[in-house]
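Colleague: I should like to go through this structure with you, beginning with the ligand and ending with the cysteines.

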Amino acid sequence: MPARKERISDCYGATVDYEWKRLVQDTYHKLEYRTTLLYLKKHLPGNGLILDAGGGPGRYTIDLAKMGYEVDLLDLTEENINFARQKIREKRVEGKVRETMVANITDLSRIRDNTYDAVICIGGPISHIEGEENRNKAVSELRRVAKEGAPIFIGVFGRIGALMLSVQFWPDEIGLPSFRDFYEKGDDNRWHGRYYAHFFLPEELEDMVKRNGLDLIETVGLEGIGANAKYVNIFSRKDRPGWQNFLEAHDKLAAHPASVGMSAHILAISRKRRTGA
Ligand SMILES: C[S@@+](CC[C@H](N)C(=O)[O-])C[C@H]1O[C@@H](n2cnc3c(N)ncnc32)[C@H](O)[C@@H]1O
């Protein structure tokens, strides 16, 4: 049987177009995208070299390149990297994207220590790594390749948010014996039918970050008060000014622990500790 990591790249390899459009497909998904960009802008340094680890088809890599950063992109899925290379040329940012590579975040040995001014690993790459030890290895690799003091952004799937959405999107899963593993341990062996994903509680994500030598700055719920996907999409189409007010409230409350808890995507922003600090 192939290793789980190979299987997850099979899954993403077959859904490259979907993954490219995922963050802009509707208002609900745009919330994840918009909130992530807001917090990237808040915590990134003014310039420098950024690693986009598990960057998929490269949407954030291209955004960061357009903002003037130099970027290295890596992903486990070769199809995503090939697609990203094409998009990078199409969007005319090839001068800012230094390297695009197929790699596993649990082993970044091809990259030297203290290379990056910031590291992002967002939208769930670490959620696809099976086993706590392996997830810790990935975080320690992200830390190793970051410069001292560099911000590190880790985005994972949120357990409570996914449970809230299960009645809407995955009602058939709720009656299965595997549902207990999902809500008790966060482990889902039926992600997209047959792949592995781990869904984090906020405190579990924060513990993972701190245990691996990172100083936590803040944790953000990317969907927050907009976690109700269906009605967010309906309301935002019906009432544009009302939606703008709602967005304002979302931005103000995104880092509130309740917003973090109920989000399907949670972002932890941390910093690599300076030696001697
Ligand atoms: C949901 S996508 C997120 C893509 C992008 N970061 C975003 O936020 O839109 C998850 C990505 O993680 C990648 N991935 C999963 N496991 C990985 C691993 N061990 N190492 C590197 N990338 C991985 C997948 O190939 C996929 O492109």
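Colleague: Which pocket, ranked by size, does the space taken by the ligand correspond to?

Modeller: Please keep in mind that this is a predicted model. A molecule is assigned to a pocket if more than half of its atoms lie within 2 Å of the grid points of that pocket. The space that the ligand takes up is the second largest pocket.

Colleague: How much of the area that the ligand exposes when taken alone does the protein bury?

Modeller: Polar contacts come first: an oxygen atom of the ligand lies 2.6 Å from a side-chain N or O atom of D75, and an oxygen atom of the ligand is likewise 2.6 Å from a side-chain N or O atom of T77. Taken alone, the ligand exposes 600 Å², and the share of this buried by the protein is 97%.

Colleague: How many residues of the shell around the ligand are charged?

Modeller: The ligand is surrounded by 19 residues, and the closest include G54, N104 and I122. By class, the shell has nine nonpolar and seven polar residues, and the number of charged residues is three.

Colleague: How many disulfides does the count give?

Modeller: A disulfide requires two cysteine sulfur atoms within 2.5 Å. For C11, the nearest cysteine sulfur is that of C121, 17 Å away, and C11 is in no disulfide. The count of disulfides is zero.

Colleague: Is C121 buried or exposed?

Modeller: Buried means under 20% relative accessible area. The relative accessible area of C121 is 0%, so C121 is buried.

Conventions:
Residues are numbered from 1 along each chain as its sequence is written. This is a predicted model: local features need pLDDT of at least 70, side-chain atom pairs count only at pLDDT 80 or more; totals for chains, interfaces and linings use all residues. Side-chain values use heavy atoms; hydrogens and water are left out. A residue is near a molecule or strand if one of its heavy atoms lies within 4 Å of it. A polar contact is a pair of N or O atoms within 3.5 Å; within protein, one must be able to donate a hydrogen and the other to accept it, and residues adjacent in sequence count only if both atoms are side-chain atoms. Accessible areas come from the Shrake-Rupley method with a 1.4 Å probe; for residues, only the protein chains shown count as cover. On a 1 Å grid over the protein atoms alone, a cavity is a set of points where a 1.4 Å probe fits but cannot get out, and a pocket is an open set with protein on both sides within 12 Å along at least five of seven lines; lining residues have an atom within 4 Å of a point. Ala, Val, Leu, Ile, Met, Phe, Trp, Tyr, Cys and Pro count as nonpolar, Asp, Glu, Lys and Arg as charged, and the others, Gly among them, as polar. Buried means under 20% relative accessible area, exposed over 50%, partly exposed in between (1.4 Å probe, protein chains only).
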